[in-house]
Amino acid sequence: MAAQKPNMKTLDLDGIFNPERIAMIGASANPRKWGFIILLNILKANYRGRVYPINPREASILGYPCYRSLRDLPEKVDMVLITTPAKVVPDLIDECGAQRIPYVIVITSDFSEAGPEGAALERDVVARAEKYGIRLVGPNSMGVFGSKTNLHATMPPVMPIHGNVSMFSQSGNVGVQMLAWGEQEGLGFNKFVSSGNEGDLNCIDYLRYFAEDRDTGVILGYLEGIEPGANLVAEAKKISRKKPILVFKGGRTEAGGKAAASHSAAMAGENEIFRAAFRQSGMVEVKTSQALMDCAKAFSHYPLPRGNRVGIITRGGGWGVITADFCEENGLVVPPLPEKIIKKFNQILPKYWSHGNPVDLVATISHDPYPECLEILSRWEGIDAIIALGAGRRGFTYRYSKDVTGPQEVMDAIRMASTFIEQRNQIPDEMLKGVRQLIVKSKKPIIVVAIGSEKSHKLNLADYQVVSYPTPERAVRVLWQMYKYSRFLNSPQDERKF
Amino acid sequence: MKIIEDALKRGAKSLSEYESKLLLAEYGIPITGEAVVTTEADAVAKAAQIGYPVVLKGSGETLSHKTEMNLIALNLRDDNEVRSAFRELTSSTRAEVKEVLVQQMVKGDRELLVGMNRDIQFGPCVMFGLGGIFTEILEDVAFRVAPLSRFDAMDMMNDIRGKKILDAFRGKPAVDREKLADILQAIGQIGLDHEQIAEIDINPLKLLDGKPLAVDALVVLK
């Protein structure tokens, strides 16, 4: 099967993600069918190529003329999508083969996921595809997305923002929902594939393709298992040197070998071995979907920290303390400020500032020394990254002005306060611009934490390329992952075998 | 490899301790000085050769829980002690002992475990962790997929909670990490080279002046 395929040097899957002409077998005029819904998604998203619906019983669907079969198309297509019932798929593969179609995406389910009969049908489909040299996505795939041609060939109507993150997912649902979630978070995607049953192309093929793809900066993967002998460690080890692979592994509960004679086998659960494989190959393993999103944002927008030393800047003591504690508990270091840096802060800050790291500016309401202090901190060579607490725009204070009634005196006061706060809210916009500039200048990641302003994170990312989270704990976890990956990149490429 | 083929031919499910260690020694893993004997006179002769004190163990592939079966005589200091231990082991009613292993007595200060198992998806994997009785109690182990690079082997040692056990400790030197890395890489290579081996335990791997030494070993065949 797929694992036995020759290990080609480059795997060209452009025709799957950026095809210029596609046909859809199983296109339907019935809005309750995937053959209608996927077609609608493709059209609605302004696909830049040409689509040919194939359905012998309809003259046109959604205003597009229908064709009886692949043979009747006016031009050759790069890729064919299939949404017909499972039993006709083998013959359709023959038709694709006769028309020399290089790529086929089988959305249709009822294959190996449905039992032995489906499995036999799937083997038939895969064997026929192999005979013609067709590369197959699925079966049982929820579709693909490609930003270059605006191809949104997915079952749900997700409209991802365009970016440099590419994702493969062994669960269609998890995958498309990550795309939708990214939309809310301001995270842009370049390519996506729901790998389905992986009858032919499997997650390691997609990994290898994304690794060579110039438009992909960060690879995301949702993984439940790999084919025996697939050599994930060796492949991912090479790829991780080029770009980060963030991976979320589902199905982590299986215990170790039950009937084993040795400790080594009895204690080796699937979870432990996957964890080892990820660590060995420099893959960034996250334990939650939230962490996958958080890491994707930072890895796709920020330089990596060169080490694990963190500078913390805060407007109030408590959050700084919490952040420092969490850093130290998670393998990051919060080094003390040297005298020369303290002197610089002394020139700007009131006497009662913290005189240490975390740099606590203590609440000042008139002049905001934050941007200046952040710049001083970013220039200090004693740290590799910064967590900037309260640097985001519009904290909870701006809710002040809404929906309040009361005596005239109070209303006047609120209006004055609101005006003042509005003015202050202009400052953070300037500050976020400044944060981005400091990141570029210092080549250090500066992660912003804006507590209680859950809606601002998308704008911070989209408008300023500044990564922010609503809690310091999430910021620390992301930094720790970045540090670990950076350490992997700096580890010797010593593959000396035994 | 002949040891493995012979064992498979006679239908054995695992190699004896002695055979297991011969296999390890082929891959440069340091093992205790030892010999298999069948007579009392030979036991005494080999004991003198290895140097006192020695250990006597009932030998054979069916005898994998020697402690529980009381088939181990520790810390034998002279010819007389070897003689009486030999007689006792070979007359044991708990198991039929035809062969006896005469082995160098190692008073190592720390016990580690190095092992190999096969994962359905990843193939041979190496395990490293705390050995002896702590293996089961603390379950403090780390895994790596074979083949291990030098970096993997070194990194693996820091991947257990009890990694301090490898540092200098109560006047004893720190473990020779280079030697330990050799062993971790070697055990992965054994897994890659020999499809017929299902599992391996080196437990304990003791530290003798910081040098790791395989004191007991079990090679399970497929």
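**Helix α11 of chain A and the contact with chain B**

The buried residues of α11(A) are A:W319, A:G320, A:T323, A:A324, A:F326 and A:C327, where buried means that 20 or more other C-beta atoms, placed from the backbone, lie within 10 Å of the residue's own, and exposed means 12 or fewer, with partly exposed in between. Looking down the axis of α11(A), these buried residues fall within an arc of 165°, so they line one face of the helix; the arc is taken from the directions from the helix axis to the C-beta atoms. The model is a predicted one, and local features need pLDDT of at least 70, side-chain atom pairs count only at pLDDT 80 or more, and totals for chains, interfaces and linings use all residues. Residues are numbered from 1 along each chain as its sequence is written, and chains are lettered from A and ligands numbered from 1 in the order in which they are written.

Turned away from the buried side of α11(A) are the exposed residues A:G318 and A:E329. Cover for the buried residues comes from elements of chain A including β15 (310-314), β17 (385-389) and α16 (472-490). Helices (H or I, at least four residues) and strands (E, at least two) are DSSP runs, numbered from the N terminus. Just after α11(A), A:G331 takes a positive phi of about 80°.

As for the contact between the chains, 33 residues come from chain B and 25 from chain A, a contact being two residues with C-beta atoms, placed from the backbone, within 7 Å. On the chain B side, β6(B) gives the largest share, 5 residues.
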